[in-house]
Amino acid sequence: MIEWFGENLWAAWLSLTFVLLVLEVFMLDLLFLMLAAGALSAMTVSLAGGPGWLQVVVGSVTALLMLGAVRPIALKHLKKGPHDQLTNVDRMTGMEAQTIETVTAQSGLAEVDGDTWTARSAGEYRIEPGMTAVVDSVDGATVYLRPAPSIQWNDPQGQEA
């Protein structure tokens, strides 16, 4: 068994490549991906018949080059976009919500962007079911709502005397 392993180091390099790729799937920081590229290059040297020391040198140099040259550029492209760009629940502030149940300071449900959320009023409001509201803030799985501005068409102040 040990003789086979010594004669077929490519299998060890391939195994190391798979282990590093699995670690990368869990870590998602491109570190283990670069190391896997080094192991893959060492496997290539092994398949070409290179000696063990050359496999280690080529694998190490490739991994270091990947870490030093490719990873920073790849991370920059992955994290492209402004630092103040809102994502996930941070972008929900100001979005329109439809109340499903009466929303008070103590209870309620609302639909925001197609998802049902636990809702509370962002003040001493009572928002009836079916009314439109605006997301004031989000805390955990609870959205805080305020009534949406609306035009009162039958406003007596707007009538001429």
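Where is L30 found? The loop between α2 and α3 holds L30, and we will visit that loop in one of the close-ups below. Keep in mind throughout that this is a predicted model.

**Figure 1. The whole chain reads as helices followed by strands, α-α-α-α-β-β-β-β-β.** Let's get our bearings before zooming in. The protein chain contains 4 helices and 5 strands. Of its 161 residues, 25% count as buried. Look also at contacts between residues at least 6 apart in sequence: 43% of them join residues at least 24 apart.

**Figure 2. Helices α2 and α3 pack against each other with axes that come within 8 Å.** Helix α2 covers residues 9-27 and helix α3 covers residues 31-47. Their axes cross at roughly 165 degrees, which makes α2 roughly antiparallel to α3. The crossing of this pair is left-handed. On the α2 side, residues making the contact include W10, W13, L20 and M27; on the α3 side, they include F32, A36, L40 and L47. Sorted by class, the contact of α2 with α3 has 19 nonpolar residues, 2 polar and 1 charged.

**Figure 3. L30, in the loop between α2 and α3, has a positive phi.** Zoom in on the backbone here and you will find a phi near 70 degrees for L30, a residue other than glycine. Most residues other than glycine have a negative phi. Is L30 buried or exposed? L30 counts as buried, because its relative accessibility is 13% and the cut-off for buried is under 20%.

**Figure 4. Helices α3 and α4 also pack together, with their axes 7 Å apart.** Helix α4 spans residues 52-78, and the angle between α3 and α4 is about 150 degrees. The two helices are therefore roughly antiparallel to each other. What is the handedness of the crossing of α3 and α4? This crossing is right-handed. Among the residues in contact are M34, G38 and V45 of α3, together with V58, T62 and M66 of α4. By class, the contact of α3 with α4 has 12 nonpolar, 6 polar and 1 charged residues.

**Figure 5. The largest nonpolar core brings together 12 residues.** Try finding M92, W117, I127 and L145, which are among its members. Strands β2 (109-112), β3 (115-121), β4 (132-139) and β5 (142-147) each supply at least two residues of this core. A second, separate core has 7 residues, including W13, F32, A36 and A42. In soluble globular proteins, nonpolar side chains tend to be buried together. Now pick out A133, another member of the largest core. Leaving aside neighbours within four places in sequence, A133 is in contact with residues that include M95, A97, I127 and L145.

**Figure 6. T99 sits in strand β1, which runs over residues 96-99.** With a relative accessibility of 5%, T99 counts as buried. Which residues is T99 in contact with, leaving aside its neighbours within four places in sequence? They are L109, A110, I127, E128, P129, G130, M131 and L145.

**Figure 7. D113, in the loop between β2 and β3, has a positive phi.** The phi of D113 is near 55 degrees, and this residue is not glycine. To find D113, follow the chain into the loop between strands β2 and β3.

Key
Residues numbered from 1 in each chain as written. Predicted model: local features only at pLDDT ≥ 70, side-chain atom pairs only at ≥ 80, totals over all residues. Heavy atoms only, no water. Core = buried A, V, L, I, M, F, W, Y, C linked by side-chain atoms within 4.5 Å. Buried < 20%, exposed > 50% of the residue type's maximum accessible area, 1.4 Å probe, protein only. Contact = heavy atoms within 4.5 Å. Axes fitted to C-alpha atoms, helices over the stretch in contact; angles between N-to-C directions. Parallel < 35°, antiparallel > 145°, perpendicular 65-115°, else oblique. Left-handed = near helix turned anticlockwise from the far one by under 90°. Nonpolar A, V, L, I, M, F, W, Y, C, P; charged D, E, K, R; others polar.
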